Structures are given as C-alpha cells and as structure tokens.
Amino acid sequence: MSLKKMRQVFYDNETFAVVSHINPDGDAIGSSLALCETLKKMGKKVHMFTEGAIPIHIRFLWDDSYITDTPLEKYDVCVALDSGNKDRFSSFESLFDSAKTTLCIDHHITNTYNYADINYVEGDASSTGEIMYELIKNVLEIPLDKKTAEYLYCAIATDCGTFKYSCTSAKTHRVVAELMDEGIDVNYLSNYLFDYKTINQIKLYSEGANNLRLYEDGKIALTYVDYKFLDKMGVSFDDADYLVTMPRTVLGSEVGVYIKVKNDNEIKVSYRSNDYVDVSALAMELGGGGHKKAAGATVYGKTLEETIDMVVEGIRRVL
Ligand code: AMP
Ligand code: MN
Ligand code: MN
C-alpha cells in the first residue's frame, strides 16, 4: 500500500482526529503533534487524542492546544499513528470507528490487521516519525518548520534509541539531516529527551540493578520494579520506563526483560533483544506485540514470580 493514496484523503476532508497508542511514547506524541501542525497549516480542523500521562522526558515539547474537551460527534477522518492494533488506542476505538474514513500509519511488524480503510505499515521504518516525514514533505508537500522538525526528531530519535538500534538506517540519518536544516538544536533536544532524569528516577536505577537476575548462563537478564517502590519514590509507572534497556546491556545477554508490577493484578513486560531473538513473537504469545528487537505485553492475574517463570520459559525455547 502506497502512502501516496492518503494524499487525497488529507486534501479532500475538513475535520481530523489523530489518535495514537495508550501510554504514549516519544514516537506517538511526536508523530501526532507533527501531523496536527501540518493539518493546521493546511487549514484543517484537527483534534489530538492521547490517553495516559505524557512521559516526563517529552513534557518540554508538549503542546496541548490540539486536545479538546468537546470532541466532534463524528470526524471526516481519523488517523491512527504508531498503533499496531486497535486495542492499543483503547478508549478511542469508537471515535475511530465512527469516522467517515480511517487511516493507519505505523511501523510495527506485528501490525497485520488492516484495521483502517487505508493502512500504511512499514516494518523497516525506524519510527512512525520517519514515515510522517515522508508523508508531510513528499506526499502532502507541506514545507517543514522548526517546531514540526522538533516533533519529528523527538519521534525518530526516541524510537531508534539515539540512532543506536538496528532499525536506524541511512535514510533515518538523511531525514534527521533535513530536520537539522530547519534549525533544530540537537544538543538541547537530546538533553531533555535522553539525559536529564529526576533524582528519584536515578535512584530507581539501583533498585533495578539490585533486582537483576540472570538465567541460561546470562543469556537472559531480567529485572523488575513494583508499584510500592515507585509510589515510595514518587516516580510514575511510565516514567520508570527509562530503565527498560538496562537488562539487555548486561554483557553476554541476548534477551533483556524489564518487568513493572502496576498493581496486584497487572504486570507490564518489556522485552529487548541484542541479536537474533525475535521478541515480538514472544510478546505476541502473551497478547502483546512490537518489533523484532523491542516488544511488550501486559499480563493480568498472575503474581510477579509466576510472570517471571512464564517469561523465562518462553525465552528459553527460542535461545
Ligand atoms: P515497550 O516495551 O513498552 O517499550 O514496547 C516496545 C514495543 O512493543 C513498542 O513498539 C510498543 O509499541 C510495543 N508494545 C508494547 N506493549 C504492547 C502491547 N501490549 N501490544 C502491542 N504492542 C506492544
Ligand atoms: Mn510507540
Ligand atoms: Mn514507534
């Protein structure tokens, strides 16, 4: 499916809703804001819908002017961004279904559902933000500006781990070069997006390090934090995510697992792999999804130890 097919939908309609996945990350927020800015320039009416807290590291870029208390009853178009399936934008599902035309722009390889009228899923793209650049610049042919470039940088740089992950391509760098031509300050953006942490977030690191467990001769590295500790530290469930890559940085590990116990019934499992294990398949077995080297799932009704046993057993089978 070509992205070009979406051009007329954007030009021929007037009211737009932009949705992305629950508990948004830099890609979901950055891509959504970049699209909202662009649609505003095109003279369209656009509302953005997001559910869950804006993570602390992207709050400096956050603009709530597209959020509304009075959504339209029906939008001409609803655009779903960075959402591998419809469950991912939970409470906006009916808003999405009621739109005259629905679009999906995404980069999750597990997104095979074709849930929108027009779907563009590019599994090789580093981020939805990289696809949004293509859409804005080459399909809609709307010039970028500094603000839009900052949003796209946030989307791209966060999802490809500051250009370290294997999803980073030569094209990713070319796109970022174009963003830099718009005058973005990469050092300023990177400080907020990647380096600054609250003191209690930093203290969380030692909790994660203390709880680290190794299995299968260290090929599996796993750690966890629970809500009681997070509550004590005043760190939100989502802001604890910056620890997500820590387990897989243990030398010799192939799969790193980061587990967050949200409450006595709900546990978030994040998988990261270093080389050959396809963690999206493991996450899908637990009802989640994602990418080959980064995936996640939410487990209900199990204890922490039961979850750990299940996760470790799943990985053992594919090591
Ligand atoms: P996370 O571990 O939450 O950082 O997620 C890693 C990747 O997996 C991201 O691209 C997410 O969009 C995806 N992902 C996480 N949780 C789920 C889920 N429950 N269902 C589908 N995809 C998920
Ligand atoms: Mn995302
Ligand atoms: Mn993404």
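**Figure 1. Helix α5 (146-159) is among the elements that cover the buried residues of helix α7.** In this predicted model, helix α7 spans residues 186-195, and its buried residues are L189, S190, N191 and L193. An α-helix has 3.6 residues a turn, so residues three or four places apart point the same way. The start of α7 shows a polar contact: a side-chain oxygen of D185 comes to within 3.2 Å of the backbone nitrogen of N187.

**Figure 2. The protein chain as a whole, given as a setting for the close-up views, holds 11 helices and 11 strands.** The radius of gyration of the chain is 19 Å, close to the 20 Å that the globule rule gives for 319 residues, so the chain is as compact as a globular protein of that length. Along the principal axes, the C-alpha atoms fill a box of roughly 55 × 40 × 35 Å. Buried residues make up 54% of the 319 residues in the chain. When contacts between residues at least 6 apart in sequence are considered, 66% of them join residues at least 24 apart. The chain exposes about 13900 Å², of which carbon and sulfur atoms supply 48%.

**Figure 3. Ligand 1 is surrounded by 13 residues.** Of these residues, H108, K268, S270, R272 and H291 come nearest to the ligand. Three side chains are shown with a polar atom beside an oxygen atom of ligand 1. For S270 the distance from a polar side-chain atom to a ligand oxygen is 2.7 Å, for H108 it is 2.9 Å, and for R88 it is 3.2 Å. The protein covers 84% of the 480 Å² of accessible area that ligand 1 has on its own.

**Figure 4. Strands β9 (266-273), β10 (289-290) and β11 (294-300) are the elements that each give two or more residues to the shell around ligand 1.** Strand β11 gives the most, with 4 residues. Sorted by class, the shell contains 7 polar, 3 charged and 3 nonpolar residues.

**Figure 5. Residue T307 lies in helix α11, which runs over residues 304-318.** T307 has a relative accessible area of 0% and is buried. Because a residue counts as buried under 20% relative accessible area, the value of 0% places T307 in that class. Beyond its neighbours within four places in sequence, T307 is in contact with I259, I267, V269, V299 and K302. Two of these partners, I267 and V269, fall within strand β9 (266-273), and V299 falls within strand β11 (294-300). Strands β9 and β11 also give residues to the shell around ligand 1.

**Figure 6. Residue I29 is placed in helix α2, which comprises residues 26-41.** I29 counts as buried, at 3% relative accessibility. With residues up to four places away in sequence left out, I29 touches P24, M48, T50, I54, I58 and W62. E14 is 15 residues from I29 along the chain, and the C-alpha atoms of these two residues are separated by 22 Å.

Key. Residues numbered from 1 in each chain as written. Chains lettered and ligands numbered in written order. Predicted model: local features only at pLDDT ≥ 70, side-chain atom pairs only at ≥ 80, totals over all residues. Heavy atoms only, no water. Near = heavy atom within 4 Å. Polar contact = N/O pair within 3.5 Å; in protein donor to acceptor, adjacent residues only side chain to side chain. Areas by Shrake-Rupley, 256 points an atom, 1.4 Å probe, with all protein chains shown as cover. Nonpolar A, V, L, I, M, F, W, Y, C, P; charged D, E, K, R; others polar. Rg over C-alpha atoms; globule rule 2.2 N^0.38 Å. Buried < 20%, exposed > 50% of the residue type's maximum accessible area, 1.4 Å probe, protein only. Contact = heavy atoms within 4.5 Å.
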